[in-house]
Structures are given as structure tokens and as C-alpha cells.
Amino acid sequence: MMFWRSVVGKLWFTILLLVSFVLFILTVMLLEFFENYNISETRKELTYTAEKISENLKAHSGDELEMGLEISWGLIDEVTSAAIVQDRENYFSSPETKNARMLPVGYLLNDKDLAAVFEGDEPVNTIVSYPSGTEKGPDYLIIGVPLKDFQGGDGAVFIYQSLEVMEETTQQTAKFILLAAGVAIVLTTIFAFFLSTRITAPLRKMREAAFEVAKGKFDTKLPVLTSDEIGELATAFNQMGRQLKFNMNALSQEKEQLSSILSSMADGVITFNQDGTILITNPPAEQFLRYWYYEQGANEDTDAVPSEVMELFQLAVNTVREQVGEIKVQGRSWVIIVSPLYNKKTIRGAVAVIRDMTEERKLDKMREDFIANVSHELRTPISMLQGYSEAIVDGIAQTDEEKVEMAQIIYDESLRMGRLVNELLDLARMQAGHIQLSLETVDLHPYVNRIIRKFQTLAKEKGIELSAVMESGDSNAIRFDPDRIEQVLTNLLDNAIRHTSGPASIMIKVKLVDRGLYFEVKDEGTGIPEEDLPFLFERFYKGDKSRTRGRSGTGLGLAIAKNIIDAHKGTISVQSKLGQGTTFSFFIPRSIE
């Protein structure tokens, strides 16, 4: 079956069919020609023989009739028969041979076409079929020549021959032609296979080379063996392979470049085709989709996208304009910009750029909170300054004691405002990376005892026992910025004392290990609610939402403390339970530079 589908089979079958058709037409025409030619030549020969017999009988009539008949029978061959008719009752027939069958003279005389010879001067001829029993007999070519003035009357010479002889000749000719046709077909087959092999062998190599090129082997080359069309095709194929390799390398480089650009982008990119199916995504976009799949409880193997994104995609495709939207997934804010993609004049899809705006939104909120908090912190002292100043100016304070008291309040509030401004400036410098550490080798025992003594009076007033535990090992010295760490401990102890009511205890635990210095400030105060713990180190955050004066600070101390510890390349943390106290701990590594 594969043979007939191949070029060899098709070419061989086409040539063979063409040659067979030509030989068939030629055979039919030759057989028809030979048959007509044989009949024509036989007719001429028989007519000539009949005329000779007629002339012979005219020359030997009368007493020489016997001689004339003998001469006449000698003029015909063994496949030919003759009948000499003197009149309807007197006639002479040639001797019968095994190859020449005799026809009854009455049959010849009763044929109307042959009977015309008795009336005219021209020979007549006809082809008749004489029956043999119940079957149809062979065809005979009969020639009738007038025999005038023969034995005192007008007779005729009939000479006839069976066409079976000509049919045998035709059959022999047909056999010869068929033999020649068979030889021609065999030679044609050999030639066709030879020709097709010369043509198809390079084509098979081209097919194999084409499969290799389809597999990506663009270095495949075909040998150019001829200078004809097949050789030119092989040259064109080799040029095509080189061009394909160049184009594929260029496309691969562009793809790698595009992939590198997409992978390095901070924004997510999703490319859609015209029906909304995802074509290309980069890692940030995949992260966004994973967030959405997790939130929806969907399988990550699906091609589903958020409905908001699909709405923006449809709007971009329908309106042929850029669309912008925002979506919240897993508590994060994502801004989505969808732009249509064009293929010459038609839209072939769209590209969505997804940007994580969570930090920007958080910073916006922090700026708003910062302004609100600063305004809130400054409003109270400013109001008090304004109120007590007006009271002094308006003369409301009558006595010197009242004036001193109001002036003291004004002084305290101004100090509070100055402290707030200084802390804001310090925090701004720290967050901008402008903090400078003055590292010194510090002896821990006197350093911690000095800080304890500073808060001892305040602690005793509230009935709080303030103590320190030192675990310094063989050496109690380490390098850090003593002023900055004292600022951290001061803030932590001040918070502990303000949020602890006596009788209670506050303990400072100091531990010097191989990796660095570990501080822990533990109190037995009211504790911190669990929901407030993640936000303690943010600016202006306060656990007591009332923000009353007295116990409440500025809300910047812990933020400053965290920045100081970060500058020392350390860590700070808090543990607390409501009603069970709070423990602040921070760690300073040995290698700070």
C-alpha cells in the first residue's frame, strides 16, 4: 500500500498507463489496418486470378476445354477454390483440398450480388457467411468475373477464399504486436523505476532532512549532486535551513531577552489572547494568581483569573482603550492596568500589568496617621499654652502663687513639645540612616547599676522593687554605644514603671554570651493586649487609646528604641499577657562594625 502512495509507484503507474494506452490504440489501429490491407490485397489477387482464368478459358474453349480447366486449376493455390459457370445447369468446380472448402454452386448463383456478374461486364465481389450445420460458418471473400462467349453463352468465373486464413494472419500479427507491447511495458517499467529512482532518491533524502529540520537540527545539509532542478532544490533547502537557524536563534534571543525582562520586573504581567486565555505570566503575576487561588480555594492548575481582571479585559477589548482598576487579595492592594494588543489593524488580545500597591497604601496611611498623631500630640500642649497665657495676660491669676503655677504649667508643656519635636527629629534621622554610633568598650556592672539608680527613687514612690541580674561570665565588657543603649533602657524602664502598680517588681537581666549581649526588662504590670503586640514599635502607637496626659507618652519611644537596636545590627522583641506583665528583650551582637 505504501508503494502506491510513493512517488515511485505513482510515476511508474502513470508512465505504464500512458504507454499501455498508446500501445492499445496502436495495436487496434494496426490490426484494423492489417485486416483491411489483407482483404484488399486478397481481393486484388483473387480478381487478378479470376481474370486470368477467364482469359484462359476463352483461349481454350471447345475441344481444348479440358486443357483450359487444368490450366485454370493450376492458377489457384491450395487455400483458394473456384467455380466456372457455363450456365445455371453447367458448371465446373476446382478440385477440393484440405485447406479449401467448396461452396455449392447453387449458393453462388442464388446470391443476388453475385448474380449481377451475368448481366454486367465488371467483376463483382462480396463477403458472405456460409452456415455450417446449425452454427454460423466462416466468412468467404467471393470474386465474380464475367465469362463472355463461353461455350456459346455468357458465363462467369467465381473464385473465393475463406477469411479464416486472413484471421490466422491477423492473429499472428496481433501476437507479434502484443509481444512487442509486453517487451515495451517491461522496458518502460525498468525505465520508469530507473527514472523515478533518480528523482525520488534525492527527494527521500530531502524528506529525511526535512524531518531533521523539523526536530530542530537546522545544521542538516543536503549534498548537491546535480545541476538540474533537483540540485537547485537541494541548494534552496540548504539556504532555507541556514535562514531558519538564523531566524530561530534571533527569536530565541528575543524570547530569552523578553523572558529576562519579564522575570526581572517588579510588576506582574499577564498576556491574554483574544478569548481571554492566559498566554504569558511572570513571577509577580504568578504570585498574585496564587494569592487569589488560595483565597478562592481554587486549584492552581486552572486558567481562571479574578472576575475584576476579566471585566477590565473585556472593557479594554471592546472600547480599545486602556483600563485601570484595583483589587484586594489576601489583604494586599493590587492596581491592574489592562491595555489592548494589536495585530496590525485588529485586536489580538490584551496585556495586564499588576502592581502591588500595599506598601504605598500603607505609607499613605502612615503619613495620614502621622499628621493626625502629631496634630493630636501638639494640640493639647498648644491649647494649654494658649489658655494659661491668656489667663495671665487677662489678669485672671490674682496672686503670685497662681501666676507661678500657671507659668510652671506653661513651662512643662513647652518642655513636652520640645521633647516631642526632638524625638521626631531623632526618629527621622534614624530612619533616614543618618544615625551615628559612638562605639565604646563598656563595663556592664557599673553601667547597669547607674541606670538602676536613676529610676530607683521613682520606683520606690510607686512601691516597685527595681533590681538587676548580671550573667557576664569571665568578662563583663563589650563594645556598643552606651548613650544610645541607655536611651533604650530608659524608655523601657519608664514604660515599665508607668504601667506597673505596686507592690510589684521590675527586673533587668543582663547576659553576656559568645555571640553578644542580651538584655531583658521584665515587669509585673498590667500587660499588653495580644492585638496590640504587632504594632508596639510603630510611631505614635499607644496601648491606651484614650491618649490621656500623665501616663501616656508620645508614642515614639519604642520606635526610636527599635531603630537604635537595628543600628547595632541587633533584634528587639516583646512578650506579654494581659494582667501577667510584660517582658522586653533585645540582643546586640559582638561584631557591629
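**Close-up 1. Isoleucine 142 meets a partner in strand β5.** In this predicted model, isoleucine 142 stands opposite tyrosine 160, a residue of β5. Strand β4 (residues 139-150) and β5 run antiparallel and are joined by nine bridges. As a general reminder while you look along a strand, side chains in a regular strand alternate between the two faces of the sheet.

**Close-up 2. Strand β5 and its pairing with β1.** Here we turn to another pairing of β5. Strand β1 (residues 80-85) is antiparallel to β5, and six bridges hold the pairing in the model. If you would like one contact to find, try valine 85, whose bridge partner in β5 is alanine 156. How many of the ten residues of β5 are buried? Eight of them are, so strand β5 (residues 153-162) is mostly covered.

**Close-up 3. Two phenylalanine rings, edge-to-face.** A search of the whole structure turns up nine aromatic pairs. One of them is formed by phenylalanine 537 and phenylalanine 584, with 6.4 Å from centre to centre and 90° between the planes, which makes the pair edge-to-face. The two residues are 47 apart in the chain, and their pair links distant parts of it. Phenylalanine 537 lies in the loop between β15 (516-523) and α14 (557-567), while phenylalanine 584 belongs to strand β17 (residues 581-589). Are these two phenylalanines, 537 and 584, buried or exposed? Both are buried.

**Close-up 4. An aromatic cluster.** Our last stop brings together Phe288, Tyr291 and Trp334, which form one aromatic cluster.

Note on methods. Residues numbered from 1 in each chain as written. Predicted model: local features only at pLDDT ≥ 70, side-chain atom pairs only at ≥ 80, totals over all residues. Heavy atoms only, no water. Phe/Tyr/Trp six-rings, centres within 6.5 Å; stacked < 30°, edge-to-face > 60°. Helix = DSSP H or I, 4+ residues; strand = E, 2+ residues; numbered from the N terminus. Buried < 20%, exposed > 50% of the residue type's maximum accessible area, 1.4 Å probe, protein only. Pairing = 2+ DSSP bridges.
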